[in-house]
Amino acid sequence: MSGHGTPVPMVSSKSGPLTGEANVPGDKSISHRSLILGALAIGETKITGLLAGEDVLDTAKAMRAFGAEVTEVDGTWSVHGVGVGGFAEPDNVIDCGNSGTGVRLIMGAMGTSPVTATFTGDASLRSRPMGRITDPLAEFGARAYGRTGGRLPLTLVGAADPVPVRYLLPMPSAQVKSAVLLAGLNAPGETVVIEPEPTRDHTERMLTGFGAEVSAEQTNEGRVITLKGRPELKPQTIVVPRDPSSAAFPVCAALITEGSDVLVPNIGLNPTRAGLFETLRDMGADLSYENPRDEGGEPVADLRAKFSPDLEGIEVPPERAASMIDEYPVLSVVAAFARGRTIMRGVKELRVKESDRIDAMAQGLRAAGVTVEEGEDWWIVEGRGFGDVPGGVTVESRLDHRIAMSFAVLGFATEQPVRIDDASPIATSFPIFESLMATLGAKLERV
Ligand SMILES: O=C(O)C1=C[C@@H](OP(=O)(O)O)[C@@H](O)[C@H](O)C1
Ligand SMILES: C=C(OP(=O)(O)O)C(=O)O
């Protein structure tokens, strides 16, 4: 878990050119789901390409605590599941570290089983809202006892006699949608989730792969997803694709670092995840999709990003927000090097991530010489153009991997170095970030 050990300060300095191939790790969202669905299937699920980051390792531990057998040999993971409704009661507190996805999906998966579990996490996770999960779980018949505001540590008493639920998502959140669907697995009858705005659809796709009956239709209310409860999930062989949210960092670094030409192979371009790349292209980035193909039912391409000194600020279409929600911090860094304003609206979810990401980036960018305006659900970065962002600051990562990596990217192109107070959170999602960026030619040093 991050944030529990000694801080790891790092300095990022003007770099370039960045060149070569960036082989980023497996997708974090799909990795969590592979372990959880594997634990709910009967028999052995085999997973390769799993992200071995702290967030996912905490989910693996949690699945063991609920009775699944989870092992790893030479990068191949094996999960012997206990079946839907088969979770055992953990004999200790479940610590999900820094991971919102981990704790929220696991609470969903156990919320309709007759077991009780207590969940906690690091200081960041303990500050994040959990009512968005425990409210729908209460409709299934579960009870939750958390701190004020539903915060962790929280004890969840799973519903002994669950009833299916029809749930309209109050915020665009794949974590909430997934928690409801996972809870619906052990409720008799049909559980329905309605999402007014589309969010990443990995849970629906993977549930279908594991043999559950899931359907989705577009109506006036939004996307209506229906799951038939009490399926027997069949174990799967899963190859986890590489993470577009991790690919964002070498891609954005290449765009703002003089002379760069970086290839990021094999990146999933599922439209529910690819909003950043579309936005960068709209800004005039030299970013191409090479060798586009289909893999395991998902669109995949190799991304090639080249130094782009003529980026223009744009208004990011707000309906794109969910498809790039984790990428706004690094987009704000690119925006600082564009000409004109980049306007980002409809993004209040950014305030309840590992940190308040609008505040964290705004403070660091302002200190580095960039003008940022903000409101509750919007922010605007005034681009200074390439070669004119001063830097020369120490910034706080606030137990947030994406903030730490975004400021590292900032320092590759500012006039003076950027010092990050603690880069240890990076290990939650992208443990090889430092070595991979160094291979490309980036100047990132521990101090
Ligand atoms: O379902 C998922 O795997 C995720 C959903 C998103 O969170 P929200 O559902 O809270 O928007 C995202 O920020 C997170 O990194 C991963
Ligand atoms: C928001 C994120 O993760 P989580 O919610 O799983 O902590 C993220 O990875 O950017």
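Here are some friendly notes on this predicted model, taken point by point.

1. **Confidence.** Let's begin with the scores. The protein chain has an average pLDDT of 97, and 99% of its residues reach at least 70. For the model as a whole, ipTM is 0.99 and pTM is 0.98.

2. **Domains.** The domain assignment splits the protein chain into domain 1 (10–26 + 241–446) and domain 2 (28–230). Taken over C-alpha atoms, the centres of the two domains are 29 Å apart. Contacts link 21 residues of domain 1 with 24 residues of domain 2. On the domain 1 side, the touching residues comprise nine nonpolar, six polar and six charged.

3. **The shell around ligand 2.** Which residues surround ligand 2? They are S99, G100, T101, D326, K353, E354, R402 and S429. By class, this shell has four polar and four charged residues, with no nonpolar ones. Both domains take part: domain 1 and domain 2 each supply at least three residues to the shell.

4. **The UniProt record.** An unreviewed UniProt entry places the feature "binding site" at K28, S29, R33, S173, Q175, D326 and K353. In the model, D326 and K353 are among the residues around ligand 2. You may want to look at two of the annotated positions, S173 and D326, which are taken up in the next points.

5. **D326.** This residue sits in the loop that runs between β18 (315–316) and α10 (328–336). Is D326 buried or exposed? D326 is buried, because 23 other C-beta atoms lie within 10 Å. Setting aside neighbours within four places in sequence, D326 contacts S245 and R402; R402 also belongs to the shell around ligand 2.

6. **S173.** Here the setting is the loop between β10 (166–168) and α6 (174–184). S173 counts as buried because it has 22 C-beta neighbours inside 10 Å, where the cut-off is 20 or more. Not counting residues up to four places away in sequence, S173 touches R132 and T199.

7. **Helix α7.** Residues 202–209 form helix α7, in which H202, T203, E204, M206 and L207 are buried. What do these buried residues pack against? Their partners are α1 (28–40), α6, β12 (214–219) and β13 (222–228). In general, an α-helix has 3.6 residues a turn, so residues three or four places apart point the same way. After α7 comes G211, which has a positive phi near 100°.

Note on methods. Residues are numbered from 1 along each chain as its sequence is written. Chains are lettered from A and ligands numbered from 1 in the order in which they are written. This is a predicted model: local features need pLDDT of at least 70, side-chain atom pairs count only at pLDDT 80 or more; totals for chains, interfaces and linings use all residues. A residue is near a molecule or strand if its C-beta atom, placed from the backbone, lies within 6 Å of it. Ala, Val, Leu, Ile, Met, Phe, Trp, Tyr, Cys and Pro count as nonpolar, Asp, Glu, Lys and Arg as charged, and the others, Gly among them, as polar. Domain bounds come from an automatic or database domain assignment. UniProt positions are given in the numbering used here, feature names are shortened, and annotations may be inferred rather than shown by experiment. Helices (H or I, at least four residues) and strands (E, at least two) are DSSP runs, numbered from the N terminus. A residue is buried if 20 or more other C-beta atoms lie within 10 Å of its own, exposed if 12 or fewer, and partly exposed in between; C-beta atoms are placed from the backbone. Two residues are in contact if their C-beta atoms, placed from the backbone, lie within 7 Å. pLDDT is the predictor's confidence in each residue, from 0 to 100.
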